[in-house]
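Let's walk through this structure together, starting with one helix and working outward. Keep the sequence and the 3D view side by side as you read.

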Amino acid sequence: MVATRLPAVVVGTIIFSRRRKVPVVGVHGAGKSCLLLSMAYVVSKMGWGHVNTESMDYFNSALRYVLAGQQLPPTVATQDIRIIVKDMEIDERKYRPFVLSSSDYSGAMFERVMEEYRLMDRQVPVADETASFLKLFERSSCLVVVIDLVRGLGAEEFRADIEAGMRKAFSEQLVPVSRAIEHAVARRGLSNRPVMFVFSKADLHGLTVDEIRPYFDRVMAITLGRLRRLGTPVNLYTTVATGWGRDTTEDQWLHALEAKGVTDLLTGIARAVA
Ligand SMILES: Nc1nc2c(ncn2[C@@H]2O[C@H](COP(=O)(O)OP(=O)(O)OP(=O)(O)O)[C@@H](O)[C@H]2O)c(=O)[nH]1
Ligand SMILES: [Mg+2]
């Protein structure tokens, strides 16, 4: 009997972009746009990658406000974003390349859509805006939920009564955020792919993840129970957006451009999409 060797098959170069959809959700003013800008900034600055042509002008326009020391205006039109991450290496660990794809949309629209989402189970037709927004969740790799604990309070006001501030913040954000998570999980089986909760504006709330967790675990108990049942990991992060990491002196503004906590979030995403 003669053993036949199978001829080698040349399949050519398989090019696939590993595009990973990462929806970023949160109510108006939660800090979504600033977080996306911070991710683009950190990836570019660290030499891990770059943004695509369409996102470049969008991000530079946002950076203009940061450099002027102004608040970012609320998002009006939905903007698709691509951050190409090719050479991410942290603590000698290299991450596989991926394209982080997301959309920046207005939090006001998110709240409207999540209000309408309630109706969907009752077979009531929903607006085009709602239908197209909900499509953003399809086949996503993980979900980033931005929660603003301070809600317009100043740092001092918030820290004077942290419990009251948190109660107000969660009472405003619990419902829309939980609906979005439920949708993401139910529609595309998020199991094993984490939900990442980002507590933005850490320069104002001044809390660590460990300090937030006891409140979070209790307030979110019902949603967390559902996620546990589905085997969905939950990660918590705190971030300070690009431009807000200023310490006491103005001449530290170059450091202020370096967002805080964003590298941890990007690492979490890179692990989730690997
Ligand atoms: N102090 C501080 N302010 C922040 C931080 N991140 C965002 N902000 C401010 O919070 C406000 C809301 O931030 P955005 O990123 O525009 O929030 P958003 O979720 O995109 O809001 P909409 O587009 O209205 O949905 C802006 O005035 C920001 O400048 C931060 O880390 N620290
Ligand atoms: Mg925005």
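**A helix with two sides**

A good place to begin is the outer side of helix H2, where the face turned away from the buried side carries the exposed residues Thr53, Asp57, Ser61, Arg64 and Leu67. Bear in mind as you look that this is a predicted model. Helix H2 covers residues 53-67, and its 15 residues reach 21 Å from the first C-alpha to the last, close to the 21 Å expected at 1.5 Å a residue. Turn the helix over and you find Ser55, Phe59, Ala62 and Val66, which are buried. Viewed down the axis of H2, these buried residues fall within an arc of 60°, so they line one face of the helix. The general background is helpful here: an α-helix has 3.6 residues a turn, so residues three or four places apart point the same way.

What covers that buried face? The cover includes helix H1 (32-45), strand E3 (49-51) and strand E4 (79-85). Just past the end of H2, Gly69 takes a positive phi of about 70°.

Strand E4 deserves a stop of its own, through Arg82, which is found in this strand. Arg82 counts as partly exposed because it has 18 C-beta neighbours inside 10 Å, where 20 would be needed for a buried residue. Leaving aside neighbours within four places in sequence, Arg82 is in contact with Val51, Asn52, Ser55, Val99 and Ser101. Ser55 is one of the buried residues of H2, so this list of contacts leads back to the helix where we started. Arg82 and Arg19 are 63 residues apart along the chain, yet their C-alpha atoms are separated by 9.0 Å.

**The protein as a whole**

Now zoom out. The secondary structure comes to 11 helices and 10 strands, and buried residues make up 38% of the 274 residues. Of the contacts between residues at least 6 apart in sequence, 77% join residues at least 24 apart.

As general background, nonpolar side chains in soluble globular proteins tend to be buried together. In this model, the largest nonpolar core has 70 residues, and Val145, Met196 and Val198 have the most contacts inside it. H1 supplies the largest share of this core, with 9 residues. Met196 shows what such a position looks like from within: beyond residues up to four places away in sequence, it touches Cys142, Leu143, Val144, Val145, Asn235, Tyr237, Leu265 and Gly268.

**Around the ligand**

H1 turns up again at ligand 1, where it provides the largest share of the surrounding shell, 3 residues. Both H1 and helix H7 (202-205) supply at least two residues each. There are 21 residues around the ligand, and Ser33, Gln71, Pro74, Thr75 and Gly107 come nearest. By type, the shell divides into 8 nonpolar, 10 polar and 3 charged residues.

**Loops and positive phi values**

Just before H7, have a look at Lys201, which lies in the loop between strand E9 (195-199) and H7. Lys201 is not a glycine, but its phi is positive, about 55°. Is Lys201 buried or exposed? With 24 other C-beta atoms within 10 Å, Lys201 is buried.

One of the contacts of Lys201 is Val150, found in the loop between strand E8 (143-147) and helix H5 (155-160). Val150 has 26 C-beta neighbours inside 10 Å, so it counts as buried. Apart from neighbours within four places in sequence, Val150 is in contact with Phe158, Gly165, Lys201, Leu204 and His205. Val150 and Ala169 are 19 residues apart in sequence and 6.7 Å apart in space, C-alpha to C-alpha.

Glu92 also has a positive phi without being a glycine, near 65°. This residue sits in the loop between strand E5 (89-90) and strand E6 (93-94). With 5 C-beta neighbours inside 10 Å, Glu92 counts as exposed.

**A helix with little cover**

Finish at helix H9 (residues 221-229), which is hardly covered: the count of buried residues among its 9 residues is 0. Arg226 is found in this helix and is partly exposed, with 14 other C-beta atoms within 10 Å. The C-alpha atoms of Arg226 and Val185 are separated by 9.4 Å, though these residues are 41 apart along the chain. After H9 comes Gly231, with a positive phi near 75°.

Key. Residues numbered from 1 in each chain as written. Chains lettered and ligands numbered in written order. Predicted model: local features only at pLDDT ≥ 70, side-chain atom pairs only at ≥ 80, totals over all residues. Helix = DSSP H or I, 4+ residues; strand = E, 2+ residues; numbered from the N terminus. Buried ≥ 20, exposed ≤ 12 C-beta atoms within 10 Å, placed from the backbone. Contact = placed C-beta atoms within 7 Å. Expected span 1.5 Å × (residues − 1). Arc of directions from axis to C-beta. Near = placed C-beta within 6 Å. Nonpolar A, V, L, I, M, F, W, Y, C, P; charged D, E, K, R; others polar. Core = buried A, V, L, I, M, F, W, Y, C linked by C-beta atoms within 7 Å.
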